[in-house]
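Student: I have a structure open and want to learn how to read its contacts. Can you walk me through it?

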Number of protein chains: 2
Amino acid sequence: MSSITVLLVDDHLVVRSGLKALLGTQPDIEVVAEASSGEEALVAAEGHAPDVVVMDLAMGPGMDGIEAIRKLRERNRRQAVLVFTTYDSDADIVRAVDAGAMGYLLKDAAPEEIFAAVRGAVQGKSVMSPPVASRLFQQLRNPDEVLTPREAELLSLLTEGLSNRELGQRLFISEATVKTHLAHIYAKLGVETRAAAIATAIRREGMR
Amino acid sequence: MSSITVLLVDDHLVVRSGLKALLGTQPDIEVVAEASSGEEALVAAEGHAPDVVVMDLAMGPGMDGIEAIRKLRERNRRQAVLVFTTYDSDADIVRAVDAGAMGYLLKDAAPEEIFAAVRGAVQGKSVMSPPVASRLFQQLRNPDEVLTPREAELLSLLTEGLSNRELGQRLFISEATVKTHLAHIYAKLGVETRAAAIATAIRREGMR
DNA sequence: TGGTCTCTCAGCCTTTTGGCTGATACCGCA
DNA sequence: TGCGGTATCAGCCAAAAGGCTGAGAGACCA
């Protein structure tokens, strides 16, 4: 049987190097390409057609991980994408799953977890780190507090300090719509001001 | 000649694995131990007496990197500590240097930079990633941008999401004074809104 | 097919924030 | 003794944000 081919996407060379070393110990897994940005990832995925893409979400300027996942999935729905990131932010989890991610791993995951996730991904199985799974589970119980993908996207931009007008321009929606989303976000986060929402988002939601 | 012995401290196995793989390519550098927390680092440093300790600052619960650096330096001043972290927070840089760190590298540094930093550290040379160095440099040149104690106090409360009125009540000053301080803070941080100030404070200044 | 969710937009009004100018008081240091 | 830095406060005005109500379009699902 042929081995599982993997594309690594992370803007840190050290992390790619570590993942490659870890995955390299498994006879049935082969890292066939690496990329350090969303743009590079698309090119590499095109050229190498890997079975699984292991991707970080935070990747400096340019296309972010979520966007890259969406684009990858648009082009090839048989390619599984595994998120491999540092933070178990509620919003990021929701957005990544929404974008089509097959699994969500944290960087402090045990090697066996990572191997299992890669193997599971090619079989269409969804694998999550326990902390991630428990967050999703808790959200299922309190659906009222779950941000929609759009809200999460907006909150993410909010933490960059943008004004309502700028948010509207960035998302191609009117200022009125921005305010509507914000009102919903505040209610779900249990805050009353934009300042508190940003503080909550960065600290609790791990958005940075 | 004997090679340089290194202790790796990072709570992420992947990062340790990657660093080990990278450093392993150099004949004169040898990773002799690893630790995943500040506490473990102290024990490992005791047992292996490495020439250089390469350490992440953010390490989950327990002793943080800064604290670990301080303790390591207290015990053995000949042991060089290199900070190897993701964020170039002004506050973290200052605190790490203050605690006795010999160098400050970012995780997206090139391998050559890392090798050079390790070699430099044993010779008592201080090595910084360019972005880090430029931050320190800029602070020295622009003392105008350093927050006064009162301003820092206010900024800290600001990141909790308080309104001007609440800030005034908390600090026993009028709302007018709060606004004056805020205007100065915005100018020093180079932002124009409270939202951006909070984002900057939490991310860049490491206030959280 | 009807209900629910999500995303979109509008208008109106109040509160908050930010920009500006100017002022007083204290402290340390030249 | 005077100057610069810090902290305090006031008033005025414009801009931004927030609260509220209502509403249409599309997706999804029972």
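Tutor: Let's go through the protein interface and then the DNA. This is a predicted model, where local features need pLDDT of at least 70, side-chain atom pairs count only at pLDDT 80 or more, and totals for chains, interfaces and linings use all residues. Residues are numbered from 1 along each chain as its sequence is written, chains are lettered from A and ligands numbered from 1 in the order in which they are written, and side-chain values use heavy atoms, with hydrogens and water left out.

Student: How many residues from chain B and chain A are in the contact?

Tutor: Contact means heavy atoms within 4.5 Å. Here, chain B gives 30 residues and chain A gives 30 residues.

Student: And what area is buried between chain B and chain A?

Tutor: Buried area is the accessible area (1.4 Å probe) that two parts lose on being put together, summed over both. For chain B and chain A that is about 2300 Å², with 69% from carbon and sulfur atoms. On the chain B side, His12(B), Val14(B) and Arg203(B) lose the most area to chain A, together 26% of what that side buries.

Student: Now the DNA: which residues come nearest to strand D?

Tutor: Near means that a residue has a heavy atom within 4 Å of the strand. There are 15 residues around DNA strand D, and those coming nearest include Tyr186(A) and Ser174(B). Sugar and phosphate make up 67% of the DNA strand D atoms within 4 Å of the protein.
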